[in-house]
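Work through the exercises below with the structure in view. Each task is followed by a solution in steps.

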Amino acid sequence: MALTVIGSIALDSVETPFGKREEVLGGSASYGSVSASFFSPVNLISVVGTDFPEKYFKMFSKRGIGTSALERKKGKTFRWKARYHYDLSYAETISTHLNVFTGFRPAIPRNMNSKGNLLLANIDPELQDWIFERIKPSGLVACDTMNLWIENKKKALLKLLKKVDLFLLNDAEARQLSGQRNLLEAARYISDKGARMIVIKKGEHGALFYSRGLRFIVPAYLLETIADPTGAGDTFAGGMIGYLSKRSRITDKSLRRSLVYGSILASFAVEKFSIEGLLKITPEDIKNRYEHFEKLTKF
Ligand code: AMP
């Protein structure tokens, strides 16, 4: 099944207790598509400015990520600046500059219409909805979001929820969206709003899968070192839908496995800054970690 990913492509400046990087590749669609590319070819829909380094276009192409719908627009690439303290589950956003994303409405290539799966990685829910309506995908639709949109565009997000199959968000966002402290109550609220399947990510504590009741829990892969948690959620989402795009049918088993792959891909992402952790690994590394994960959780 073909996979289309839409979301942000950014130049991130990030500081964590373990180091600092300026203007490195970031954005939900970068993490999501690179993660998914381990399983499936990807069509990327996004926008960058004239200052966006050419080498990243080459990197995407090399990994089977189609860039024909990655627009280069006059202006500056989206910028995000953030800092993490010892609690790595929370990013303190210092600045967000939408730049070329302001009012962005992409040209959707004809051959992309309606075929395959769609990952609406984190970006303005109005843009996510606009894309959804133009593509009207026949396959699985997954959607991720963040606190900024829950705060500023809750109505648009709730409208979009009804259309997606799989909605991913982190624990703090689930509480914020639902007004419920208990995560099962939060998942029930989101389910009542129309999302068929929900993944609540809990950072280093793993993730839960809810679909008319709690169906599966997955731990996070325990690491010796973490450099930068940026993009863990987007990588998780990309790994999940990338894996599901490879399967001929979506079953209970493939859904469970997709969460395990999401968790494993995210573990590689946070070991390094930017997408470096994902670029250095091979399918063999993923397989090894999957087998180790299996051993650690079997009982
Ligand atoms: P995560 O750590 O999974 O929440 O994702 C972090 C990534 O999201 C960073 O690489 C940022 O460039 C990107 N990002 C931050 N703010 C936004 C926003 N408002 N819309 C879209 N992407 C964003």
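**Exercise 1: a residue and its core**

Task: list the residues that phenylalanine 60 touches, leaving out those up to four places away in sequence, and then place Phe60 in the largest nonpolar core.

Solution. The model is a predicted one. Step 1: the contacts of Phe60 are Ile9, Leu25, Ser30, Ser33, Val34, Leu44, Ile65, Thr67 and Leu70. Step 2: the largest nonpolar core has 57 residues, and Phe60 is among the members that touch the most others, together with Ile9, Val199 and Leu259. Step 3: helix H9 (residues 252-269) gives the most to this core, nine residues. Step 4: a separate core of 44 residues lies apart from it, including Ile108, Leu127, Val141 and Ile190.

**Exercise 2: a sheet**

Task: in what order do the four strands of the open sheet stand, and which strands are at its edges?

Solution. Step 1: the order is E3-E2-E7-E8, and the pairing is mixed. Step 2: strands E3 (19-26) and E8 (91-97) each have a single partner strand, so one side of each has no neighbour in the sheet, and these two are the edges. Step 3: on average, neighbouring strands are turned by 15° against each other, direction ignored. Step 4: E2 (residues 10-16) pairs with E3 in the antiparallel sense over six bridges. Leucine 11 is opposite leucine 25 in E3.

**Exercise 3: two helices**

Task: describe how helix H3 (residues 125-135) and helix H5 (residues 154-161) pack.

Solution. Step 1: their axes are 8 Å apart, at an angle of about 30°. Step 2: angles under 35 degrees count as roughly parallel, so H3 is roughly parallel to H5. Step 3: the crossing of H3 and H5 is left-handed. Step 4: H3 makes the contact with Pro125, Glu126, Gln128 and Asp129, and H5 with Ala156, Leu157, Lys159 and Leu160.

How values were computed: Residues numbered from 1 in each chain as written. Predicted model: local features only at pLDDT ≥ 70, side-chain atom pairs only at ≥ 80, totals over all residues. Heavy atoms only, no water. Core = buried A, V, L, I, M, F, W, Y, C linked by side-chain atoms within 4.5 Å. Buried < 20%, exposed > 50% of the residue type's maximum accessible area, 1.4 Å probe, protein only. Contact = heavy atoms within 4.5 Å. Pairing = 2+ DSSP bridges. Axes fitted to C-alpha atoms, helices over the stretch in contact; angles between N-to-C directions. Parallel < 35°, antiparallel > 145°, perpendicular 65-115°, else oblique. Left-handed = near helix turned anticlockwise from the far one by under 90°.
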